[in-house]
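Open the model in a viewer and follow the stops below in order. The tour begins at one strand and ends at the ligand.

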Amino acid sequence: MTTREYDIIIVGGGLLGCATAYQLAKRKAGNILLLEANEIASQASARAACLLTRARTKPALMELVQETYDCIAEIEQLLGESLELQQCGSVTIASSEASLKEVEALEAAAGRFGIPNERISRERTKELLPWMEVSAVDVALYMPTDAFIDSALLCSGYARAARALGVELRSGCKVKRIVAEGDAVTGVELADGTVLHAPLVVNAAGSWANLLMRPLQVGLPFTPVRSHFWITGIDKERFPVNHPFTVIPDARAFTRSDVGALIIGLRESQCQSFDPSTLTDKLEDFDFNQAAKWQVLDEGAPLLKRYLPDIDDLGIAHYMAGPSCYVPDAKFIIGPVKRYSGLYTVTGCCGGGVAAGGGMGRLAAELMLHEEPFVDPALFVPERFGEVDPFSAEFQKRCADARSNKKGG
Ligand SMILES: Cc1cc2nc3c(=O)[nH]c(=O)nc-3n(C[C@H](O)[C@H](O)[C@H](O)COP(=O)(O)OP(=O)(O)OC[C@H]3O[C@@H](n4cnc5c(N)ncnc54)[C@H](O)[C@@H]3O)c2cc1C
């Protein structure tokens, strides 16, 4: 059995583990090891729609997202290469009293945070979104500085920046268990029996995080739910490259340009959750109940038809499904796990790990290093629901309900 000493071991090489590694390394937090069972940036972080929506109404979320934008600029400078941020802008559409209220709240939030935003006419909306039937649009709110980014490239950017700052990255290296003595974690045991010691261990294992917590009798308050989108065939005139992404609350939908095709995201009224104990090691081996993809499209398409009248006739070239980790209050899980000293987690992405990952990693790093946190950590405390059993159907339903009918970006 080999034993090596680290100051911090991070489990999981997705956006949240890699962003945390980068933020810790930036703060010169010592000898850091990141362990990834598969390839870095290969799981949920390779399946996202990649929207980096800036204006939000949830507390602290705008700060967390801004930190991601700041990280992108820093990493590009550090690595001397572009992460290919696409500043396409966004348009949020209101066609009802309820969604108008949401737009007003977004406008107010954007105004407070200094995010450029303007209401635009139907004519301007048509110019920006040639595919949109603008007679259905009551109010269109344009935010020109919103962007999207390839989530796998962003994730590998965090990882490579962390490595440039001294973090050791190991892929193809599955952690069998987090090791604890009494009420303190002491390291991890790998699948081959090797034990690696560290006084601080970060569980950033995404959808799998509760499988590592279970033997420690800790339940993190989330469950994996299915997120998904469809990609049309290419039609560069109607779907110009890098035209603004849209958020359409009245259709529970978002759209994004994809090299001349249109990505269409639809949220179902009852979203599908998964028992974490059924997860396979790799998502490509997991059945996301793809058979339901047409059913969900059938449920969502009538709502989107007002804005995209020929949706029934559009060729669908691809379907992408993956897990998002949902929490009953739709807020992240970041910070120390009280039951064990030295055990931290950064997970519960609630479908926002691309946009907020840089900030989530920063908060996790600040808490681990006892620095002044830049946002209120009380919002994200792992124990805020008391004891939960993430393997129970009842708790999984609570989490799924938080995701069902999601309307925002
Ligand atoms: C269809 C879809 C669309 C999305 N769209 C957006 C969007 O537009 N904007 C946005 O902000 N977010 C979006 N998301 C969410 C985003 O993808 C996630 O928030 C993000 O990828 C979560 O990162 P993660 O690091 O928690 O998970 P992952 O990327 O899954 O990383 C966890 C890692 O832990 C590893 N691991 C697990 N167990 C172990 C172990 N025992 N030992 C070692 N390693 C282990 C896994 O192999 C995995 O690589 C979307 C997600 C999906 C599925």
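Select residues 90-94, which form strand β4 in this predicted model. The strand is mostly covered, with 5 of its 5 residues buried. Show the side chains: Ser90, Thr92 and Ala94 point one way, while Val91 and Ile93 point the other way. In a regular strand, side chains alternate between the two faces of the sheet. In β4, the residues pointing either way are all buried.

Next, add residues 139-143, strand β6, which pairs with β4 in the antiparallel sense over 5 bridges. Start at Ser90 and look across to Met143, its bridge partner in β6.

Then add residues 245-248, strand β14. β14 and β4 run parallel and are joined by 3 bridges. Select Thr92 to find Val247 of β14 opposite.

Now move to the ligand. Which residues are closest to the ligand? They are Glu36, Ser45, Cys349, Gly353 and Ala355, out of 38 that surround the ligand. Colour this shell by class to see 21 nonpolar, 14 polar and 3 charged residues. Colouring by domain instead shows at least three shell residues from each of domain 1 (8-69 + 151-223 + 328-403) and domain 2 (88-145 + 224-323).

For polar contacts, turn on backbone atoms:

- Leu15: a polar backbone atom lies 3.2 Å from a ligand oxygen.
- Ala49: a polar backbone atom lies 3.0 Å from a ligand nitrogen.
- Val175: a polar backbone atom lies 2.9 Å from a ligand nitrogen.

Taken alone, the ligand exposes 1,000 Å², and the protein buries 96% of that. Finally, select α1 (15-26), β13 (223-232), β17 (316-326) and α8 (353-368), the elements that give two or more residues to the shell.

Definitions and conventions. Residues are numbered from 1 along each chain as its sequence is written. This is a predicted model: local features need pLDDT of at least 70, side-chain atom pairs count only at pLDDT 80 or more; totals for chains, interfaces and linings use all residues. Side-chain values use heavy atoms; hydrogens and water are left out. Buried means under 20% relative accessible area, exposed over 50%, partly exposed in between (1.4 Å probe, protein chains only). Helices (H or I, at least four residues) and strands (E, at least two) are DSSP runs, numbered from the N terminus. Two strands pair if DSSP finds at least two bridges between them. A residue is near a molecule or strand if one of its heavy atoms lies within 4 Å of it. A polar contact is a pair of N or O atoms within 3.5 Å; within protein, one must be able to donate a hydrogen and the other to accept it, and residues adjacent in sequence count only if both atoms are side-chain atoms. Accessible areas come from the Shrake-Rupley method with a 1.4 Å probe; for residues, only the protein chains shown count as cover. Ala, Val, Leu, Ile, Met, Phe, Trp, Tyr, Cys and Pro count as nonpolar, Asp, Glu, Lys and Arg as charged, and the others, Gly among them, as polar. Domain bounds come from an automatic or database domain assignment.
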